[in-house]
Amino acid sequence: MSVLTRDEAQTRAQLIDVHHYRVDLDLTTGDETFGSHSLIRFTARAAGDTFVELKPETLRSARLDDTPLDLTTLDGNRLPLSLTEGEHTLRISTTMRYSRTGEGMHRFTDPTDGESYVYTQLFMEDVQRVFAAFDQPDLKAVFELSVKAPEGWTVLANGITAQQPDGRWQAAPTPLLSTYFVCVAAGPWHTVRTEHAGLPFGIHCRRSLAAHLDADADEILAVTKACYDRYHEKFDEPYPFDSYDQAFVPEFNAGAMENPGLVTFRDEFVFRSAVTVTERQTRAMVIAHEMAHMWFGDLVTLRWWDDIWLNESFAEYMGFQTVNEACSDLFPDTWIDFGVTRKSWGYEADQRPSTHPVAPDPEAVPDTASALLNFDGISYAKGASALRQLVAWLGEDDFLAGINIHFKRHKFGNATLADFIDNLAAATDRDVHAWAERWLRTTGVDTLTPRLEGEGTQWRLHVDRDGSRPHRIRAGIYDRQPDGELALRERLDLDVPQQAPAELTGPRPALVVLNDGDLTYAKLRFDEVSEETALRGLSRIPDPLTRAVVWNALRDMVRDGELAPADYLEVALAHLPDETELALVQGVLGFARTQIADRYTSQEERPAALATIGEIARALLRRTEDGEAPGLRLTAVRACVDSATTPDKIASWLDEGTVHGGPELDPELRWRILARLAVLGATDETVIAAEAERDPSATGQEGAARCRASLPDPDAKAAAWSALFDSDDLSNYLFTATAQGFWQPEQAALVREYVPRFYEAAVALGDRRGPAMAEAAGRYAFPAYAIDAESLALGESHLTSGSMIPALHRKLVDQLDDLTRALNIRTT
């Protein structure tokens, strides 16, 4: 299959103008394939040759105007077209294959009740798996979809759908859309409908999740309506589509997809077990993120994939900011969670060899395969951080004025980074072009360190910058009180680099926190006195967002070899049991468990690390016995399970169906305990099978697959490996669950023989199953716990010795860099 290059897209856009698609789909032809017919109306500005893209199981017919096309000329995914100047009609009929990898038209049969569902995910190049198209973002057109579906199914699409007398479902014509936004979701959906601002709103899930969706429907719809109203306060352009549906679909690869009028979400967001308020907040943020795309991405769309960051960074920033503003009664400060969970994603990505500018040069994104690699922590978290810094520097009024100019000038069209910057510049006297060059065209993370000079009551604060970007920050100046608490003396607004040091009056501060409020994107360090205060008094800092900034600084110090992992755990033990902000508890425990215990400490030191995490968790359990903080208690229970080094306590919870003092075990906790017991060799296939019978859901199937792959038994490992790499029967989610269970730090010796086998197996799988599965193999099936020089050398040799698809290569580059960092930390 050929990937589309930027040059090819530009040439085709100069040659043709696409007006209208009529797409007819037949979903009644069986479980493996479906029928697809495209009628495309377009204009050729001159005579010339081009091509249309499709990836059919069978190409049945193709006709350009009145002339049948030679079907044997289909070359991979390209059917050549020889055009005369003027209007043209292209008709193509195919049989297409359903996917089980979350790409194209994904088909899923729910093991709970046997009902089947299909939905499309057409991002980048996957529209070609569903219907023939001129597949590039700047060839927008009107789409009319008609779908023949089995009896009892409901069909959802970008526009309002209606069932016709012949049983087919007809969707209303769309405004001008890019091909990758077209969406169909069909099946016996459970639906909750309402109306807001004169538009129909709906939320949908598979029937087996109906009770869980109903339980959360009020919250989901309240968040949706609040964000919708807030965006209409921010944006001059009204919502541009005829309805707003949100479908929670199974086995979805991303968090969600911003299809106009029909947003698709992974259906784990329909919570069937207890969750914390931060997990609900994440769902709210994703709802807000995808809604922001209705304007930035859908109404105004990138011209080529080098500007994907504009879509994602804008939606990421707007998602957190809008939930913070519109849903503060439910989620009081979303930026804490952003700082803890999202920003670290950006910092990590930006320090790897695979880093790239937030806005890469067009030449760096020559084709769709390279563009797919940029959906990472830089395009999302770093870009959103850059926009937050831009708002701090520009002011929100000018920022929104520029955004509204952008929407007005380019609505229903395409725009570039240059257009975006020009439109921002039109709303301000500041030099936005220079800011963009220094922030968006560079790579890496600046480091900011405070330096105090003076004596007595007169001090000068210098900010030393290792890097090149300008920063507008706040510096928090804190004094220690007689009772040990830390009190904010003042916050100083500073521009870095400084024209002059900031003058402080009073005693030497006990703690100086740069970037207090987390408005910029930079790693932070402390002066010597502040570092000692932070390590000893972190829980005494009054503002949770400031504590998040300090925790992130300590995290970066561990990753950079400046703070010993064991010392970080001691700080966590000293301060986390008193922490009141749930997002911080989850973030610190997550880093401690998955990075420090699993990767940054040696096998000999690991039991002590797990014991410390367990001690923190037990302290939190004792603190939450009164039931006043259920989210904190649930987090503590999860940490107790995940850090258990002996099975007795958690096995008793599983046997009794409850944690002493609560909570009772729901399916998520039962599978979590059973997975840990499997790792510890304290369960077997009989117990796993019984639990799968108790929970016959898709999530139960994934839990059973994870547990079976976790068993410390050679036969279990061989069976899991064969399922992963010797056949293509596993869906994307079952593959991920099996891979998650396979490699365990406790079982390094048992699976050592599979380390050298991984690379050839992953390359072959990527070649067979494509980028989504290759990325899953690189992310989840990589031998991450084989942390030694031999494993590193083995991986590096495979990177240079053979070819692999770009998605896998990029993932392995990142994994090997993480392996290098873990080795360095262990030996520092």
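**Close-up views of a predicted model**

**View 1. Helices α14 and α16 are roughly parallel to each other, because an angle under 35 degrees counts as such.** In this predicted model, helix α14 covers residues 582-600 and helix α16 covers residues 630-642. The two pack at an angle of about 5°, and their axes lie 10 Å apart. From α14, the contact is made by Leu582, Val585, Gln586, Leu589 and Arg593. On the α16 side, look for Gly631, Leu632, Thr635, Ala639 and Asp642. Sorted by type, the residues of this contact are five nonpolar, three polar and two charged.

**View 2. Eight strands make an open sheet with mixed pairing.** Following the sheet across, the order is β5-β4-β7-β2-β1-β10-β13-β12. Strands β5 (67-68) and β12 (161-163) stand at the edges with a single partner strand each, so one side of each is left without a neighbour in the sheet.

**View 3. Here is the β5 edge, where β4 and β5 run antiparallel.** Strand β4 spans residues 58-64, and two bridges join it to β5. To find one of the residues involved, start at Leu64, whose bridge partner in β5 is Thr67.

**View 4. Helix α1 lies across strands β1 and β2.** The helix takes in residues 6-15, while β1 is 16-26 and β2 is 33-44. Relative to β1, helix α1 runs at about 100°.

**View 5. Helix α24 is shown with its buried residues and what covers them.** Within this helix (residues 771-780), the buried residues are Ala772, Met773, Ala774, Ala776, Ala777 and Gly778. Their cover includes three helices: α22 (732-742), α23 (755-769) and α26 (806-827).

Conventions. Residues numbered from 1 in each chain as written. Predicted model: local features only at pLDDT ≥ 70, side-chain atom pairs only at ≥ 80, totals over all residues. Heavy atoms only, no water. Pairing = 2+ DSSP bridges. Helix = DSSP H or I, 4+ residues; strand = E, 2+ residues; numbered from the N terminus. Contact = heavy atoms within 4.5 Å. Axes fitted to C-alpha atoms, helices over the stretch in contact; angles between N-to-C directions. Buried < 20%, exposed > 50% of the residue type's maximum accessible area, 1.4 Å probe, protein only. Parallel < 35°, antiparallel > 145°, perpendicular 65-115°, else oblique. Nonpolar A, V, L, I, M, F, W, Y, C, P; charged D, E, K, R; others polar.
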